Every structure is written in structure tokens, then in C-alpha cells.
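Visitor: I am new to this structure and would like to learn how to read it. Could you walk me through it?

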Amino acid sequence: AVVSTQSTGRSLYSTFLHFVQHAKTQQEMHLRNDVMSVVLVLLSHCPKPPLLECGFVEIISLIATHSEVKTTNPLVEAFNMKPHNDDFELKKQSWAALISLSANDAMRQVMLDMGLLTALFDYVRPNDSVCTV
């Protein structure tokens with residue numbers, strides 16, 4: 001019951017957002033990923049987590065699509081995805097969270113608005129033997 005409150009969602013969101021925007025050291029990136037791990041645990045145990053109401057779905061979508069979809073959203077303005085294991089792990093965790101959240105219609109709409117399909121199309125490559133484009 002305590003986990004499903006909006007104040008818990010807002011606290012997780014503000015902590016996560018702080019680390020997304022300000023994490024520079026490896027320790028800070030580990031902490032950022034640890035907060036994302038807590039979110040994944042919350043998703044696995046809470047049927048209706050308060051992630052949409054506090055804006056968490058938006059920031060997770062922005063991170064998952066960061067290198068594929070260009071955005072001017074101020075939430076990720078200072079975020080720069082680098083070829084570090086920590087950033088790769090964050091991206092994997094973001095996609096895992098979004099897959100878990102995709103059963104909810106309202107959350108699915110936010111994901112679509114944030115460009116998830118565009119990001120997925122970035123990974124689709126035509127089969128040369130089938131496609132003659």
C-alpha cells in the first residue's frame with residue numbers, strides 16, 4: 001500500500017531525474033541505475049504503479065529513445081548517453097520498464113507520443129533478399 005502512493009512515485013522520480021541530469025561520476029551513474037532497478041522491482045510487485053501521474057513514463061521513454069529520437073525536451077537536455085556500461089545498462093532497464101508498462105493503455109499512449117515506435121524502427125533493417133528498395 002505504501003509503495004503505491006503517489007508521493008513514493010514522485011520521490012523516486014525526483015531522485016532518478018536528479019541523477020539523469022547530474023550524474024557525472026561512475027558512482028553517481030551506479031546510483032542512477034540502482035534507482036531504476038528499484039522502479040523495475042516496483043513494476044514487478046505493484047499492479048498499478050503511480051509512474052504515469054508523476055511523469056516517470058515520460059523520462060523513461062526519453063532515455064530509452066535517446067540516441068534514436070532527437071528531442072528538445074528539457075528533462076534530458078543535460079543527459080548525454082555515452083558508450084559506458086552504465087549508460088547501456090540504463091537503456092536496457094528503461095526498455096524493460098516500458099515493456100512491463102505497455103499493458104496499460106494510458107501509459108502506452110504516452111510511450112507512443114514520446115516516439116517509441118520511431119526508435120524501434122531505427123533497429124529494423126530491410127532484408128535485401130526480400131526488399132528491393
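Guide: Gladly! Helices and strands here are DSSP runs, a helix having at least four residues and a strand at least two, numbered from the N terminus. Please keep in mind that this is a predicted model.

Visitor: How many helices and strands does the protein have?

Guide: There are six helices and zero strands. Read from the N terminus, the order of elements is α-α-α-α-α-α. Of the contacts with a separation of 6 or more, 69% join residues 24 or more positions apart.

Visitor: What share of the residues is buried?

Guide: A residue is called buried when its relative accessible area is under 20%. By that cut-off, 41% of the 133 residues in the protein are buried. As for the outside, the protein exposes about 8000 Å², and carbon and sulfur atoms supply 58% of that area.

Visitor: Now the interior, please. Which residues of the largest nonpolar core touch the most other members?

Guide: The general idea is that in soluble globular proteins, nonpolar side chains tend to be buried together. Here the largest nonpolar core has 36 residues, and those touching the most other members are Phe 16, Leu 51, Phe 56, Ile 59, Ile 60 and Ile 63. Each of helices 1, 2, 3, 4, 5 and 6 supplies at least two residues of this core, and helix 3 gives the largest share, with seven residues.

Visitor: What is Phe 16 in contact with, leaving aside its neighbours within four places in sequence?

Guide: Apart from those neighbours, Phe 16 is in contact with Arg 32, Val 35, Met 36, Phe 56, Ile 59, Ile 63 and Leu 90.

Visitor: Let me try a single helix. Which residues of helix 4 are buried?

Guide: A helpful rule comes before the list. An α-helix has 3.6 residues a turn, so residues three or four places apart point the same way. Helix 4 covers residues 85-101, and its 17 residues reach 24 Å from the first C-alpha to the last, close to the 24 Å expected. Its buried residues include Leu 90, Ser 94, Trp 95, Ala 97, Leu 98 and Leu 101, along with the polar or charged Asp 86, Asp 87, Lys 91 and Gln 93.

Visitor: Which helices do those buried residues pack against?

Guide: They pack against helix 1 (6-22), helix 2 (26-45), helix 3 (56-64), helix 5 (105-113) and helix 6 (116-121).

Visitor: And on the surface, which residues form a nonpolar patch?

Guide: Leu 112, Leu 117, Leu 120, Phe 121 and Val 124 do, with about 490 Å² of accessible area together. Helix 6 contributes the largest share, three residues. Leu 117 lies in helix 6, and it counts as partly exposed because its relative accessibility is 46%.

Technical notes: Residues numbered from 1 in each chain as written. Predicted model: local features only at pLDDT ≥ 70, side-chain atom pairs only at ≥ 80, totals over all residues. Heavy atoms only, no water. Expected span 1.5 Å × (residues − 1). Buried < 20%, exposed > 50% of the residue type's maximum accessible area, 1.4 Å probe, protein only. Contact = heavy atoms within 4.5 Å. Patch = residues over 30% accessible without salt bridge, like charges linked within 9 Å, V, L, I, M, F, W, Y side chains within 5 Å. Areas by Shrake-Rupley, 256 points an atom, 1.4 Å probe, with all protein chains shown as cover. Salt bridge = Lys/Arg side-chain N within 4 Å of Asp/Glu carboxyl O. Core = buried A, V, L, I, M, F, W, Y, C linked by side-chain atoms within 4.5 Å.
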